[in-house]
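The exercises below are meant to be worked with the sequence and the model open side by side. Each task is followed by a solution that proceeds step by step.

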Amino acid sequence: MDWRDIPVFIVNRNRLEALQRLVHWLRTAGTRRIVILDNASDYPPLLAWYQALPAGVNAMLLPENHGPYVLWQQGVHRVLDTPYVLTDSDVVPAAFCPADLIARLHETLQRWPDAKKVGPALRIDDLPDHYDQADTVRKWESQFWEHPVAPGVFAAPIDTTLALYPAGAEFSNEACNLRLGHPYIVEHTPWYADEGALTDEERHYRHHTSPVFSNWSVVKKDSWVEKSARVAAFESRARVLHLDGGRERIPGWINLDWDPAAARAQPLPLPDGQLDGVHLSHVLEGVRDAQALFDELWRAARPGARLVVRVGHGARAGAWCDPAQQRAWYEGSFAHLAATAAGHVGRSDWQPEAVQLIEDDQGRPLELVATLSAVKPARLGQARHPAPQASLQHRRDARVDPAFATA
């Protein structure tokens, strides 16, 4: 189906400014069917706006506040024969979010239907200091970025923020849900509220909201998020270095503007033995001097640190004519990073644990995902030939969770 005909349901209660922005963005992007499920709002300017909605936008004014799950409680999903989008009204795409957001969500859900729903990421890198819960938000929300299972795709539960569901789907909030990364990012507008200069709308919303349904917008609420183990243990989380050529910055991980291809001339600006993990996503294709890179990563890693590498297969279609392909990587390439292998050079010692070959539906190679561990101190060279190979797994599903942990 044409993604522009996928209906978008917006659950609203006493939100106007963000709702107007969201509706405008959707209509400008091409969405043709927008339905507002209003939970007994009583904010006069909002009710006045409902009287003259733009074309393609309808409002169902409910006499009671049914909360964020109103679509499923009222059985609306049971009469839908198409995929649908549901979102809270206080979520608005970032200025750089592409207009084909819903098309991208649809494409991703078709590829991985077991995800149950797919949504964009929530932005947390620009939260203002005047928002008094900004630190809590960053610590809590960063966990939803910690499972980059494929380039630009993260495994993470999604509540009632913007997401695409299959036809007839019930609500789900499971770890198998998927979120897109940059540039498909939305902003949760309550996180930008200035506590010292609240608007009339924000004051009305807070005065009339239910603490049962709202967590971030209830001032001085006894928040379970703020008291959660995730927030309390934030500083002891795994220290992971993420390198992907600047395509994605993962909150909570270490993101550096550092050139992996120049590792020999410009050492990694990190101390020795500090990293619990390294995530290297589609960087190696452009690195000719790979040994210098792996030596620097090993220096900064603690003993046993996990290195997860995702790289295009050297025999994938078009690899031979790709100008960005400085070096080809194959199933056996990673075995030579161990100090025990014949011909090993450099000072590092990376022990391959597993290599996963991502294939297309015809069994043709696409990507490699290799998992290695840092052996410290490095073992003495044994010149073993052929180099001991890690177990090879064939996969048609490109989703691989790096799953980093502390020592």
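**Exercise 1. Locate His282, then describe its backbone and its exposure.**

His282 is found in the loop between E13 and H8, where strands (E, at least two residues) and helices (H or I, at least four residues) are DSSP runs numbered from the N terminus. Before going further, note that this is a predicted model, in which local features need pLDDT of at least 70 and side-chain atom pairs count only at pLDDT 80 or more, while totals for chains, interfaces and linings use all residues. Residues are numbered from 1 along each chain as its sequence is written, and side-chain values use heavy atoms, with hydrogens and water left out. The next step is the backbone: His282 has a positive phi of about 50° although it is not a glycine. The last step is exposure, for which buried means under 20% relative accessible area, exposed means over 50%, and partly exposed lies in between (1.4 Å probe, protein chains only). Because its relative accessibility is 24%, His282 counts as partly exposed.

**Exercise 2. Carry out the same steps for Ala40.**

Ala40 lies in the loop between strand E2 (34–39) and helix H2 (44–50). Its phi is positive, at about 55°, although Ala40 is not a glycine. With a relative accessible area of 21%, Ala40 is partly exposed.

**Exercise 3. Check the length of helix H1 and find which residues are buried on it.**

Begin with the length, taking the expected span of a helix as 1.5 Å times one less than its number of residues. For the 13 residues of H1 (residues 17–29) this should give 18 Å, and the end C-alpha atoms are 18 Å apart, which agrees. Turning to burial, the buried residues of H1 are Ala18, Leu19, Leu22, Val23, Trp25, Leu26 and Ala29. They cover an arc of only 160° around the axis, so they are on the same side of H1; the arc is that of the directions from the helix axis to the C-beta atoms. On the other side of H1, His24 and Thr28 are exposed. Just after the helix, Gly30 takes a positive phi of about 120°.

**Exercise 4. Work out why Glu17 and Arg21 are about one helical turn apart, and what joins their side chains.**

Glu17 and Arg21 are 4 residues apart in helix H1, and therefore they are separated by about one helical turn. An α-helix has 3.6 residues a turn, so residues three or four places apart point the same way. The side chains of Glu17 and Arg21 meet in a salt bridge (3.8 Å, N to O), the term for a side-chain nitrogen of Lys or Arg within 4 Å of a carboxyl oxygen of Asp or Glu. Glu17 counts as partly exposed at 40% relative accessibility, and Arg21 does so at 34%.

**Exercise 5. Follow two salt bridges that link distant parts of the chain.**

The side chains of Arg310 and Glu367 meet in a salt bridge (2.9 Å, N to O). This pair links strand E14 (residues 301–312), which holds Arg310, with strand E16 (residues 365–374), which holds Glu367, across 57 residues. Both Arg310 and Glu367 are buried.

A second salt bridge joins the side chains of Asp272 and Arg299 (2.6 Å, N to O). Here Asp272 is in the loop between strand E12 (254–255) and strand E13 (275–281), whereas Arg299 is in helix H8 (residues 290–300), 27 residues apart. Arg299 is buried, with a relative accessible area of 16%.
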